[in-house]
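User: I am a first-year student and would like a close look at a single part of this structure. Please pick one strand, explain how its side chains are placed and what lies around it, and then follow the connections outward.

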Amino acid sequence: MSMEQLAALPSLYAWVYRGDSEADCFWTPWGANLLSPKVRNLLEQMGLSDTVRYIPVELRDAETNAKIGNYDLAVYQVRLVCLSRERTIGIWDPNFERVLDLHRPVLLWSRVIGHDLFVAAEDPRLIVVSKRLKQALEKAEVRGCVFEGLRVV
C-alpha cells in the first residue's frame with residue numbers, strides 16, 4: 001500500500017502476542033516497525049522528524065484483544081545503498097541489489113557519513129542508527145530495541 005492509501009484508512013490495528021505495555025518498539029508479523037510516542041518524541045527532539053513518517057496504529061494484545069496503547073507505524077524515509085558487496089556476508093540476489101539473507105553487514109563509510117537514522121536499501125529490515133541516536137535511546141531507557149555494532153569500511 002502507498003502512504004496515501006495507508007493514511008486514508010479509518011484506523012489501523014496491530015495485534016501482538018505479548019502484552020508488554022512497556023515495550024517502545026514492536027515488529028509486526030508482516031514486518032512493520034511500530035514505535036511508541038516516547039520514541040517518536042525522542043526522534044523529533046533530535047531533529048530527525050524528516051527521516052520517518054508516522055501512521056497512527058492502535059496496538060492490541062492478540063490473546064485478550066486488550067488495548068495496549070497508541071503507537072505509530074514507522075515508514076523510514078532515508079534509504080541508502082550502503083552495503084559493501086565485497087565484505088558483507090549474506091546471500092545476494094543475482095544483480096547484487098538486494099540481500100536475501102543477511103548475516104554480517106558491512107557498511108560503506110562514504111555512503112553513511114552524516115546520517116543518524118536510515119534503512120539499508122539492500123535489506124529494508126536493517127535499520128541503522130548512529131552512535132548519538134543509540135546513546136539517546138539507551139539514556140531514555142527505550143525498550144524493545146536491540147543494538148548490534150556494525151562494521152564500517
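Analyst: In this predicted model, strand E10 sends Leu117 and Val119 one way, while Phe118 and Ala120 point the other way, and all of these residues are buried. This fits a general pattern, since in a regular strand the side chains alternate between the two faces of the sheet.

We can next ask which strands lie beside this one. An open sheet is formed by 3 strands in the order E6-E10-E11, and its pairing is mixed. E6 and E11 stand at the edges, and because each has a single partner strand, one side of each is left without a neighbour in the sheet.

The two sides of E10 can be taken in turn. Strand E6, residues 79-80, runs parallel to E10 and is joined to it by 2 bridges. In these bridges, Arg79 has Val119 as its partner in E10, and Leu80 stands opposite Ala120. With E11, by contrast, E10 pairs in the antiparallel sense, over 3 bridges, and here Leu117 stands opposite Val129. E10 and E11 also form a hairpin, with 6 residues between them.

From the sheet we can move to a helix. Strands E10 (117-120) and E11 (127-129), together with helix H2 (37-45), are included in what covers the buried residues of helix H4. In H4, which spans residues 131-139, the buried residues are Leu133, Ala136 and Leu137. They cover an arc of only 100 degrees around the axis, which puts them on the same side of H4. The face of H4 turned away from this buried side carries Lys131 and Lys139, which are exposed. After H4 comes Glu141, whose phi is positive, near 55 degrees.

The same elements return when we look at the nonpolar interior. The largest nonpolar core has 17 residues, and those with the most contacts inside it are Leu35, Val39, Leu43, Val52, Tyr76 and Leu133. H2, E4, E5, E10 and H4 are the elements that give two or more residues to this core. Apart from it lies another core, of 13 residues, among them Val78, Trp92, Leu107 and Leu126. As a general background, in soluble globular proteins, nonpolar side chains tend to be buried together.

Tyr76 gives a useful view of how separate parts of the chain come together. If its neighbours within four places in sequence are left aside, Tyr76 is in contact with Asn33, Leu35, Thr51, Val52, Leu117, Val119 and Ile127. Two of these names, Leu117 and Val119, are already familiar as buried residues that point one way from E10.

Strand E5 deserves attention as well, for it spans residues 67-76 and 8 of its 10 residues are buried, so it is largely enclosed by the rest of the structure. Strand E3, residues 33-35, pairs with E5 in the antiparallel sense over 3 bridges, and within this pairing Asn33 stands opposite Ala74. Strand E4, residues 52-61, also pairs with E5 in the antiparallel sense, over 9 bridges, and there Arg60 has Lys67 as its bridge partner in E5. The hairpin of E4 and E5 has 5 residues between the strands, and in this hairpin Asn65 takes a positive phi near 65 degrees.

Coming back to Trp92, which was named among the residues of the other core, we meet the 1 aromatic pair that the structure holds. Trp92 and Phe96 form this pair, which is tilted, with 5.5 Å from centre to centre and 40 degrees between the planes. Trp92 is buried, with a relative accessible area of 13%, whereas Phe96 counts as partly exposed at 38% relative accessibility.

A last stop concerns a link between distant places in the chain. Glu22 is found in the loop between strand E1 (13-16) and strand E2 (25-27), and with a relative accessible area of 46% it is partly exposed. Glu22 and Arg143 are 121 residues apart in sequence, and their C-alpha atoms are 6.8 Å apart in space.

Technical notes:
Residues are numbered from 1 along each chain as its sequence is written. This is a predicted model: local features need pLDDT of at least 70, side-chain atom pairs count only at pLDDT 80 or more; totals for chains, interfaces and linings use all residues. Side-chain values use heavy atoms; hydrogens and water are left out. Buried means under 20% relative accessible area, exposed over 50%, partly exposed in between (1.4 Å probe, protein chains only). Helices (H or I, at least four residues) and strands (E, at least two) are DSSP runs, numbered from the N terminus. The arc is that of the directions from the helix axis to the C-beta atoms. Contact means heavy atoms within 4.5 Å. Two strands pair if DSSP finds at least two bridges between them. Rings of Phe, Tyr and Trp (its six-membered ring) pair if their centres lie within 6.5 Å; planes under 30 degrees apart count as stacked, over 60 as edge-to-face and the rest as tilted. A nonpolar core is a set of buried Ala, Val, Leu, Ile, Met, Phe, Trp, Tyr and Cys residues joined through side-chain atoms within 4.5 Å.
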